There are 2 protein chains.
Amino acid sequence: MLNQQPTNLDLMFQALADPTRRAMIDRLSRGPASVSELAKPFDMSLPAVVQHLQALEHSGLVSSQKVGRVRTVQIQPDALSLAEQWINDRRTMWVKRLDRLGDFLAETDEPETRT
Amino acid sequence: MLNQQPTNLDLMFQALADPTRRAMIDRLSRGPASVSELAKPFDMSLPAVVQHLQALEHSGLVSSQKVGRVRTVQIQPDALSLAEQWINDRRTMWVKRLDRLGDFLAETDEPETRT
DNA sequence: TTGTTACTTAACTCTATGCTTAACCAACAA
DNA sequence: TTGTTGGTTAAGCATAGAGTTAAGTAACAA
């Protein structure tokens, strides 16, 4: 685990860990927006907003391109589903395990014939 | 956004952002384990491992109880689905928007009767 | 060409995170 | 009762993260 560079999943969950950035994703899930549009709801300097956007872009959750002097940002839905997938896989594994445990207990209980 | 305390979702995504902690969730999705069992795969001190476990427990992703001198840790699947839910909601919203956009473009294109 | 808009870059501050070592404590085993 | 196991607590350190202000640049508008 030493000297490990951050993976996509690291960056993605890291990006989602901040409420400001989640609010931005929220906004962007309703459609693309410019940097200053995205900045408007927040009580912080523009550079701070841009740094959040860079975190989001680095993680692959959004992409952006600049035309003229305005940069337009949009969500990158495939990245979102990667994170979703990871969680779902773990939850599924856990549930399967519980099912097997349930089966086992059912079998073990049979001889007892409860009530 | 000033002076805001971290929410469940903050703590959860934060917890999932670390590869060590994701590996622990991975292990725990196969069943409960003691602290030292969980520590074994990692090349780090026990206190470090325990701090990771605290982060996971704080976020609600796992729970633990101590009997005798061994502490047993297990996954808390409901918490996992909260994170999953958040992602899914955003992705869904995005997809719906794309659908509407598609409909709009289809209508707009109709007069053109392409090819 | 002069001003304004929409960022962008740089430098700095402050706090949080991830790790370490050292010392401690309680449970069980001999 | 003495040693060992399985944590726990405390303190410290180094890096990363979230914010700031100040200054710069490129596009468009008058």
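Which residues of the largest nonpolar core touch the most other members? In this predicted model, they are A:Phe13, A:Leu61, B:Phe13 and B:Leu61, out of 54 residues in that core. A nonpolar core is here a set of buried Ala, Val, Leu, Ile, Met, Phe, Trp, Tyr and Cys residues joined through side-chain atoms within 4.5 Å. Buried stands for under 20% relative accessible area, exposed for over 50%, and partly exposed for values in between, with a 1.4 Å probe and protein chains only. In soluble globular proteins, nonpolar side chains tend to be buried together.

Because the model is predicted, local features need pLDDT of at least 70 and side-chain atom pairs count only at pLDDT 80 or more, whereas totals for chains, interfaces and linings use all residues; side-chain values use heavy atoms, with hydrogens and water left out. Residues are numbered from 1 along each chain as its sequence is written, while chains are lettered from A and ligands numbered from 1 in the order in which they are written.

Contacts, defined as heavy atoms within 4.5 Å, were listed for A:Phe13 without residues up to four places away in sequence. Within chain A, this residue touches A:Ala83, A:Trp86 and A:Ile87. Its partners in chain B are B:Phe13, B:Leu16, B:Ala17 and B:Arg22.

Chain A contains five helices and three strands, arranged along the sequence as α-α-β-α-α-β-β-α. Helices (H or I, at least four residues) and strands (E, at least two) are DSSP runs, numbered from the N terminus. Of the 115 residues in chain A, 37% are buried. Among contacts in chain A with a separation of 6 or more, 51% join residues 24 or more positions apart.

The three strands of chain A form an open sheet with antiparallel pairing in the order β1-β3-β2. Its edge strands, which pair on one side only, are β1 (33-34) and β2 (62-67). Two strands are taken to pair if DSSP finds at least two bridges between them. Strands of a sheet pair through backbone hydrogen bonds, either parallel or antiparallel. Antiparallel β2(A) and β3(A) are joined by six bridges; A:Val67 is opposite A:Val70, and A:Val62 is opposite A:Ile75. The hairpin of these strands has two residues between them, and A:Gly68 takes a positive phi near 65° there.

In chain B, six bridges likewise join β2 (residues 62-67) to β3(B), and the two run antiparallel. B:Ser64 is placed opposite B:Val73 of β3(B). The hairpin of β2(B) and β3(B) also has two residues between the strands, with B:Gly68 at a positive phi near 65°.

DNA strand C is surrounded by 20 residues, of which A:Ser36, A:Arg69, A:Arg71, B:Ser45 and B:His52 are the closest. A residue is near a strand if one of its heavy atoms lies within 4 Å of it. Of the atoms of DNA strand C that come within 4 Å of the protein, 64% belong to sugar and phosphate. Polar contacts (pairs of N or O atoms within 3.5 Å; within protein, one must be able to donate a hydrogen and the other to accept it, and residues adjacent in sequence count only if both atoms are side-chain atoms) involve both phosphate and base atoms of this strand. Side-chain atoms of B:Ser45 and B:Arg21 lie 2.7 Å and 3.1 Å, respectively, from a phosphate oxygen. The side chain of B:Gln51 places an N or O atom 3.1 Å from a base nitrogen. Elements giving two or more residues to this surface are α3 (35-39), α4 (46-58) and β3 (70-75) of chain A, together with α4 (46-59) of chain B. The largest share, four residues, comes from α4(B). By class, the surface has seven nonpolar, seven polar and six charged residues; Ala, Val, Leu, Ile, Met, Phe, Trp, Tyr, Cys and Pro count as nonpolar, Asp, Glu, Lys and Arg as charged, and the others, Gly among them, as polar.

Around DNA strand D there are 20 residues, and A:Ser45, A:His52, B:Ser36, B:Arg69 and B:Arg71 come nearest. Sugar and phosphate make up 67% of the atoms of DNA strand D within 4 Å of the protein. A polar side-chain atom of B:Arg69 lies 2.3 Å from a base oxygen of this strand. Base nitrogens of DNA strand D lie 3.2 Å from A:Gln51 and 3.4 Å from A:Arg69, in each case from a polar side-chain atom. With four residues, α4(A) gives the most to the surface near DNA strand D.
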